[in-house]
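This report describes one chain and pays particular attention to one of its helices. The sequence and the structure come first.

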Amino acid sequence: MLFFLIVLVLLIMHMGHSLYFQRAQWRHIFLFFANIVVFSCWRHMQKQFILMALPRPHTVVVDVEAVVREYLSPVTVHSPLKDLPPKYEDVEDFPPQYDEQTMISTENQTTTDRASADSTTVQNEQVQTRQ
């Protein structure tokens with residue numbers, strides 16, 4: 001940081017000396033732009049130095065599901081976080097045992113019925129060929 005400040009001061013002194021003794025020339029424009037570049041680098045380094053002097057921010061664990069739920073829920077006056085589902089660890093009951101017939105959809109049921117009908121006809125044909 002001190003290096004850029006010293007280079008900036010030397011460039012400004014050289015530009016001032018050159019302007020005072022040699023009038024304005026084209027090279028003074030380039031010296032002016034060099035001063036601006038060094039000053040911007042020095043300013044950037046100074047900001048970085050100040051930011052590094054601050055204490056590190058603490059990492060915060062965010063519940064992603066709650067953030068998405070809040071983002072997707074419509075805006076309401078009361079807080080939507082009051083009626084949350086129970087946590088997995090808090091649930092003590094086992095899930096109910098489902099009957100296999102209740103889990104079959106109507107589309108699966110029709111294909112199952114067709115398959116059973118086809119197998120029945122195949123069995124009947126096999127019985128008839130044997131006789």
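R23, just after α1, takes a positive phi of about 60 degrees. This value, like the others here, comes from a predicted model.

The helix that ends before R23 is α1, covering residues 2–22. From its first C-alpha to its last, α1 reaches 30 Å over 21 residues, close to the 30 Å expected at 1.5 Å a residue.

Which residues of α1 are buried? They are L8, L11, M15 and S18. Seen down the axis of α1, these buried residues fall within an arc of 100 degrees, so they line one face of the helix. Their packing partner is α2, which spans residues 26–53. On the face of α1 turned away from the buried side, the exposed residues are L2, L10, M13, Y20 and F21. Here buried stands for under 20% relative accessible area and exposed for over 50%.

The two sets of α1 residues are listed below.

| Set of α1 residues | Residues |
|---|---|
| Buried | L8, L11, M15, S18 |
| Exposed, on the face turned away from the buried side | L2, L10, M13, Y20, F21 |

For the chain as a whole, the count is 5 helices and 0 strands. Read from the N terminus, the order of elements is α-α-α-α-α. The chain has 131 residues, and buried residues make up 8% of them. Its accessible surface comes to about 12,900 Å². Carbon and sulfur atoms account for 64% of that surface.

Conventions: Residues numbered from 1 in each chain as written. Predicted model: local features only at pLDDT ≥ 70, side-chain atom pairs only at ≥ 80, totals over all residues. Heavy atoms only, no water. Helix = DSSP H or I, 4+ residues; strand = E, 2+ residues; numbered from the N terminus. Expected span 1.5 Å × (residues − 1). Buried < 20%, exposed > 50% of the residue type's maximum accessible area, 1.4 Å probe, protein only. Arc of directions from axis to C-beta. Contact = heavy atoms within 4.5 Å. Areas by Shrake-Rupley, 256 points an atom, 1.4 Å probe, with all protein chains shown as cover.
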